[in-house]
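Thanks for coming. I will take a few minutes to walk through one structure.

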Amino acid sequence: MARIATNKFLHKAKKSKNDEFYTILSDIERELRHYKKHFKNKVVFCNCDDPRVSNFFHYFSYNFEKLRTKKLITTCYKNQNMDLFSQHDTERAIYLEYEGDKKGNNVPDPEEIGIKQLKGDGDFRSKESIELLRQSDIVVTNPPFSLFREYVSQLMEYDKKFLIIGTWNVITYKEIFPLIKENKLWIGINSNRNFSGFIVPKHYPLDGSEARIDENGNRIVSSNNTCWFTNLDNAKRHEELILYKKFNPEEYPTYDNYDAIEVSKTNDIPIDYEGVMGVPITFMNKYNPEQFEVLGATQRGCHDEVPDTRKYDDYWEVKQNGQKTGSSGGKTNENANLAGNDGKKNYFINKEGMIIQSAYQRIFIRHKRL
Ligand SMILES: C[S@@+](CC[C@H](N)C(=O)[O-])C[C@H]1O[C@@H](n2cnc3c(N)ncnc32)[C@H](O)[C@@H]1O
């Protein structure tokens, strides 16, 4: 019994550990500079942000006049449960409203910031928080990773504009991918290596992660798996992907069980192919909805409309030396393009021992103008 309780606690702690990644101001500035026009006369809501530590609050309060924002609302979550990693040591959850500089010094002075107590814990799903959500136009934050699906579904339910941070792999989540496909959510300007990292609490175990201390003494962990998600229009979304290759059946083989061609690099998308093409997920960073249509994706429950390109039990994962890893494609497919323990990429082989390249996750697309 005790062991079950401990395991549960540790599992929860592990989950919330990943939730305590704090965004660096320069990363916020690097993205937000592309959306200035969207904030004029708008109520901005940061609903996972302790104003004492949140750089989202910092950014919006110091840029309030420049962006000509109408109002800034920030709620701070007070986790009611004992939690190994929570930063929050306040007794009660609070929220804050800022309506701009009154003294004319262009700085948010304490008396200009209205701090109010919340009755509950400030959970973004709570009644109080939803009431503030209703009053706001654009939600901007880095929400808890473990609640990302719920977080996005709430934004959709209340039909809000948003600019939020998530991990790159949510793209193929079965709750998120359909939104991408229907152009209700897209990738922001910066992703992966364009992020400088995240600030982690002092007690965050660094075991092996790449970490550094910045000039303010903050512990920063690197991240190359993060990305902005938004439904605010941006220039990148209208950039034409310049293509130079023409289709030929030798270079672009067709899948066994689906009438689509395999394109292993986004830049190699043939300019003249009218049918369906399987491209790497990194394509989403170049996706212009005027140029391409997104039709589906392999794996992770997205195959209701487009089937997997191979049957799971028909292939196995092998190391570079040909040794089987013991997994069939079905179990390991989604990690197929990750390096194995030895740092080298694993392969997938079929029954005949032939290497199958198309075990990688793919997004299916079609040219719009052909
Ligand atoms: C990834 S951190 C980011 C914090 C801050 N938004 C930032 O970018 O620096 C997610 C934050 O959400 C808080 N949080 C966790 N569960 C929450 C919930 N149910 N409702 C609101 N906030 C929550 C966490 O305590 C944490 O501070």
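I will go from the whole chain to one sheet, and then to the ligand.

This is a predicted model: local features need pLDDT of at least 70, side-chain atom pairs count only at pLDDT 80 or more, and totals for chains, interfaces and linings use all residues. Residues are numbered from 1 along each chain as its sequence is written.

The chain has 8 helices and 20 strands, both taken as DSSP runs numbered from the N terminus, helices being H or I with at least four residues and strands E with at least two. Of its 370 residues, 32% count as buried, that is, with 20 or more other C-beta atoms within 10 Å of their own, the C-beta atoms being placed from the backbone.

Now the sheet. Four strands form an open sheet in the order 13-14-20-15, and the pairing is mixed. Strand 13 (260-262) and strand 15 (292-297) are the edges; each has a single partner strand, so one side of each has no neighbour in the sheet. Strand 13 pairs with strand 14 (residues 276-279) in the parallel sense, over 3 bridges, where pairing requires at least two bridges found by DSSP. Within that pair, Ala260 has Val276 of strand 14 as its bridge partner.

Last, the ligand. Which residues are closest to the ligand? They are Tyr22, Thr23, Cys48, Tyr77 and Asn142, out of 19 that surround the ligand, counted when the C-beta atom, placed from the backbone, lies within 6 Å. Strand 1 (22-23) and helix 3 (55-62) each supply at least two residues of this shell.

Notes: Buried ≥ 20, exposed ≤ 12 C-beta atoms within 10 Å, placed from the backbone.
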